[in-house]
Structure formats: structure tokens, C-alpha cells
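User: Can you take me through this model? I'd like to start with helix packing and then move on to internal space.

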Amino acid sequence: MTGTPAPSTARRDGTDPTSADANGRSLRRGLWSMAFTELWERYSFYGLQGILSFYLLYEVADGGLALDPAVASGIVGAYGGAVYLSQLLGAWMGERLASPRNMVLYGAAVITAGHVVLAFAPGLAGLGAGLVCIVLGTGALKTNITSIVGFVLDQNPDERYRDAGFSYFYMAINIGAVLGPLTTGLAQNELGFHYGFGLAAIGMTGALVQYVVSMRHLPERARIVNNPLPARRRPLLAVGALGFLLVVGAAVAAGLLRAENLSTVVTVSALVAAATYFLTMTTSKTVTRDERRRILGYLPLFLASGVYFGFLFQKFTAISILITERIDLHIGGWTFPVAWITTVSPLAAVLITPLIARMWSRLGERQPGPVTKVAVGLVQIGCAYLFLLVLSEATGNAEIPLFLILVFMMAAGSSEVFVGPIGLSLATRIGPEAFRSQMVGLNFLTLALGSSLAGLLGQLFTAIDNASYFTITAVIGIGIGLTLLATRKPLQRLLHAGLA
């Protein structure tokens with residue numbers, strides 16, 4: 001006797017809701033696993049960066065290194081730029097030498113070692129060794145974890161949720177950017193700088209543990225080396241790496257590479273690397289005509305985003321100098337942790353991200369395009385510096401009230417939601433098939449360019465008066481934003497060439 005057949009679970013459109021639910025759970029689990037790993041990595045990174053400038057600027061009696069403000073800005077800008085510049089190497093290695101999954105693991109381990117060195121090794125030698133480890137480790141981790149997020153989101157064919165998914169991933173970045181300086185800043189304020197560095201080391205250990213636990217849930221694409229480097233070419237690669245190290249060592253020994261010009265060197269390196277990548281991708285025979293048009297459409301957004309992050313990252317250079325010189329941190333008998341001021345910027349981005357992500361999801365196809373979003377971010381940060389210009393002029397040479405500098409930080413920080421996640425989403429969507437991970441690396445070059453540019457701007461801040469400086473930044477930010485708005489239609493056509 002034949003049994004009664006089980007009721008079908010298929011919908012009228014032919015899809016199986018059970019399979020769809022399982023796919024949805026897998027997607028959410030993969031996305032949130034990577035988001036939490038990124039949260040802890042950013043906790044350690046920004047926890048360090050929140051106090052690094054002040055470690056360089058403060059007097060020795062206060063636990064700092066008492067460096068000249070221009071030198072400190074150069075070091076901080078170069079470090080931030082090198083962190084993101086190294087991600088090009090990490091992206092290439094994730095394509096040719098090791099799988100993205102393994103690259104993230106190796107990078108997390110090296111970053112953890114760097115933070116431990118900073119926590120326990122004093123002086124410039126410990127600082128240099130720790131920062132070099134963090135630069136190399138972050139290069140291995142960042143682009144590859146972003147590529148993995150793209151692999152996870154590729155499991156959902158509905159592109160309407162892509163910007164929203166990356167917005168939530170970016171929110172995890174900003175949560176880490178808030179919690180890191182809050183805790184390390186308090187530790188530095190109450191106990192000393194090396195206790196703050198120690199907390200950053202603990203946060204990075206958390207990122208490493210979180211990632212090891214979640215590795216088995218990653219998509220199969222994360223386990224594959226997309227374009228393996230032939231074994232016969234690997235000795236040549238090792239010789240090239242050794243040659244590079246010898247050249248850098250010789251430049252340092254000859255005095256050509258100094259703290260004062262580090263930001264300039266990194267800025268030029270970022271521009272040369274970007275030009276090389278754009279030229280390589282647009283001339284490659286593996287790149288189609290439509291892919292080439294999308295790359296050309298991305299070029300103005302790349303440059304505009306680089307300038308944007310240069311303005312945003314001034315919180316670690318020019319604004320840090322302003323804080324040490326003109327902000328009264330005393331509230332009664334208590335000193336407000338200086339790192340908490342810079343924390344307000346990512347906190348504002350965290351608070352506004354769910355609202356903006358929900359708005360993008362609800363608007364669907366009616367939402368503004370990526371060019372318009374980036375333009376809005378630039379105009380907003382330009383207006384924030386316009387506010388700082390008015391504030392600086394109104395107070396003259398007197399101290400600036402703490403509350404008002406926090407307002408500036410909120411205005412500047414909340415603009416990031418219109419630029420950062422949009423760049424990530426674009427890079428994983430419009431990149432040529434043969435250069436997908438390296439396109440993500442190119443997007444991170446905007447952060448390299450921005451960080452090193454912030455170092456140069458910090459040095460400019462020490463050389464001219466406040467009114468001229470804030471006028472320049474405000475006019476450039478608003479001007480570039482308005483230019484993007486005026487040219488958004490042809491740029492949008494290029495960015496969507498060949499895409500549904």
C-alpha cells in the first residue's frame with residue numbers, strides 16, 4: 001500500500017521555503033561572525049589609535065614621548081596610511097598565495113603579537129616594532145575579511161540588501177571604533193599609556209578567538225586560492241621582498257626616510273599604487289569593456305573618498321593637536337579622557353547607521369546612487385569644518401569649550417555612513433571578475449591616502465593660522481561634494497555599465 005505523499009513545501013514561484021530559511025540562517029550567521037571578528041579587530045586598532053597621538057605628544061612626565069607636533073602628525077599619518085597601503089599586498093596574497101580564510105587567520109595572529117609588543121616594550125624601539133607588526137597583520141586581514149563578507153552576501157541574489165548588509169558590517173567596525181578608545185582612553189587616563197595598549201592587545205586576542213571559532217561556517221569560496229602563483233615564480237618573489245627590505249633599510253640609514261617625511265612618502269606610495277592598479281585593470285585583456293567603464297567611473301569616487309578620509313582622520317592629527325593646545329579637559333577635579341573626544345566621531349556613525357541602512361532598504365531602487373551618497377558625505381564634513389572655523393574665530397586665542405568640539409566630532413563622524421560602506425559595497429560589486437579581491441584592496445587605498453593625507457594636513461596645521469586652515473578644508477570638502485552632485489548622472493552610467 002502506497003503511503004500518502006508528504007505535502008509539498010514549494011511556493012508558487014518554485015522555491016522551497018525550507019531551503020530559503022536555511023540559506024537565510026547561513027547568510028546571517030556568516031555575516032555576523034565576520035562582523036564580530038571585525039568589531040574586535042577594530043576595537044584593538046582604534047583603541048591604539050585613539051591614544052597613539054597623545055602618547056607621541058605628551059611630555060615624558062605624563063607618560064608620553066614628547067615629540068614635536070609636526071613629527072607626531074607625520075608618524076601617525078604614515079602609520080595609518082601604511083596600515084591600509086599594506087592591504088594591497090594582503091589582497092594580492094589572498095588571490096595568489098593563500099586562501100582568504102587563512103590570510104585572515106595569519107593576519108590576526110601577527111596583529112595580536114604587535115599589540116603585545118606595544119603593551120610591554122617601552123620607548124621608540126617598542127613603538128616601532130609593535131606598529132610594524134600591526135601594519136603587516138592588518139594588511140593580511142582587512143581586504144580578505146571584506147572579500148569573505150562579499151562571498152557571504154553573494155549567497156543572497158537580491159542586490160537590494162547588499163548596501164544594507166555592508167552597512168551593518170560597517171556598523172560593527174564603528175562599534176569597535178567606539179569601544180576601543182573608550183576603554184583604552186580610560187585606562188590611559190587612570191593608569192598610563194601601556195595599560196591602554198594592553199587592553200588593545202586583549203581586544204585583538206578576542207578577534208582571533210572569534211575568528212577561529214567561526215572559520216568552519218565560511219563559504220567554500222573563502223577556502224580557495226583564486227589564482228595560485230606558480231611554484232617556479234615563488235623564489236623570485238622572495239628575492240624581491242628581500243630587495244625591498246634592503247632598500248628601506250638603506251634609506252633609513254642614509255637619512256632619506258625620517259619621521260618628518262614619512263607621511264609624504266606614504267602619500268606618494270599610495271598614489272603610485274593606485275595609479276598602477278587602475279592602469280593594470282583598465283589595460284588587462286581579461287577585463288571586459290563594461291568592467292573597464294565601471295573602473296573609470298570609480299576613479300573620481302576613489303579620489304574624492306581619499307580626500308574625505310583625509311579630513312575625517314584629522315581627528316588623529318590636526319584635531320589632536322588642537323585638543324592638546326586649546327581644549328580644557330578638566331571637569332571639577334576629574335580630567336576628561338582625551339581619547340574619548342575622538343570616540344564621539346565613530347559613535348555618531350554607529351548611532352545613525354541603523355537609520356540610514358533601514359532607509360536604503362525601504363527606498364530600494366528609489367534610493368540615491370553611490371555618487372550622490374559620497375557627495376552628501378563630503379558636503380557634510382566640509383560643513384563640519386566650517387563650523388570649526390566659526391568656532392575658532394569666535395573664541396580667538398581662548399580655550400574652546402569641550403562641548404562644542406564634541407558637536408564638531410558628531411557632525412564629522414556621522415558623515416562617514418555616506419562614504420565608507422558605499423565604497424565597500426561598490427568594490428565588491430563593480431570590480432572585474434579577475435580582480436575582485438584586489439578591487440577591495442584598491443578601495444582600502446582611499447583609507448591609506450586619507451590617513452597619510454591627514455598626517456600632511458596635521459603638519460600644515462602647525463605651520464599656518466587656524467582660520468586659514470579651517471577655511472581650506474571647508475571649501476575643499478564642500479566644493480568636491482558639489483562637483484560630484486553636478487556630475488552624478490554620467491558617473492552613475494559608468495558605474496552600472498553591464499550590470500542588471
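User: How does α2 pass α8, in a left-handed or a right-handed crossing?

Analyst: This is a predicted model. In it, α2 crosses α8 in a left-handed sense.

User: What are the angle and the axis distance for that pair?

Analyst: Helix α2, residues 69–96, packs against helix α8, residues 262–283, at an angle of about 25°. The two axes are 8 Å apart.

User: Parallel or antiparallel, roughly?

Analyst: Roughly parallel, because the angle of about 25° falls under the 35 degrees used as the cut-off for that class. So α2 counts as roughly parallel to α8.

User: Which residues meet there?

Analyst: From α2, the contact takes in Ser73, Gly74, Gly77, Ala78, Gly81, Ala82, Leu85 and Leu88. On the α8 side they meet Leu262, Ser263, Val266, Ser269, Ala270, Ala273 and Tyr277.

User: And by class, how many are nonpolar, polar or charged?

Analyst: The contact of α2 with α8 has nine nonpolar and six polar residues, and no charged ones.

User: OK, switching to cavities. How many of 30 Å³ or more are there?

Analyst: The structure holds six cavities of 30 Å³ or more. The largest cavity has about 230 Å³ of space, and the second largest has about 50 Å³.

User: Which residues lie nearest the centre of the largest cavity?

Analyst: Tyr170, Phe309, Glu416, Gly420 and Leu447 do, out of 26 residues that line the largest cavity.

User: Which helices supply that lining?

Analyst: At least two residues each come from α1 (17–57), α4 (123–153), α5 (162–190), α9 (289–312), α14 (420–430) and α15 (436–461). The largest share is from α5, with five residues.

User: What is the split by class for the largest cavity?

Analyst: Its lining has 14 nonpolar, seven polar and five charged residues.

User: Now the second largest cavity. Which helices supply at least two residues of its lining?

Analyst: Those are α9, α14 and α15. Here the largest share, four residues, comes from α9.

User: Which residues are they in full, for the whole lining?

Analyst: The second largest cavity is lined by Tyr298, Leu301, Phe302, Ser305, Val374, Val419, Ile422, Gly423, Leu426, Asn443 and Thr446.

User: How many of those are charged?

Analyst: None. The lining of the second largest cavity divides into seven nonpolar and four polar residues, with no charged ones, whereas the lining of the largest cavity includes five charged residues.

Key. Residues are numbered from 1 along each chain as its sequence is written. This is a predicted model: local features need pLDDT of at least 70, side-chain atom pairs count only at pLDDT 80 or more; totals for chains, interfaces and linings use all residues. Side-chain values use heavy atoms; hydrogens and water are left out. On a 1 Å grid over the protein atoms alone, a cavity is a set of points where a 1.4 Å probe fits but cannot get out, and a pocket is an open set with protein on both sides within 12 Å along at least five of seven lines; lining residues have an atom within 4 Å of a point. Grid points are joined across faces, edges and corners, and a volume is the space filled by probe spheres set on the points. Ala, Val, Leu, Ile, Met, Phe, Trp, Tyr, Cys and Pro count as nonpolar, Asp, Glu, Lys and Arg as charged, and the others, Gly among them, as polar. Axes are lines fitted to C-alpha atoms, for helices over the stretch in contact, and angles run from 0 to 180 degrees between N-to-C directions. Angles under 35 degrees count as roughly parallel, over 145 as roughly antiparallel, 65 to 115 as roughly perpendicular and the rest as oblique. A crossing is left-handed if the near helix is turned anticlockwise from the far one by less than a right angle, and right-handed if clockwise. Contact means heavy atoms within 4.5 Å.
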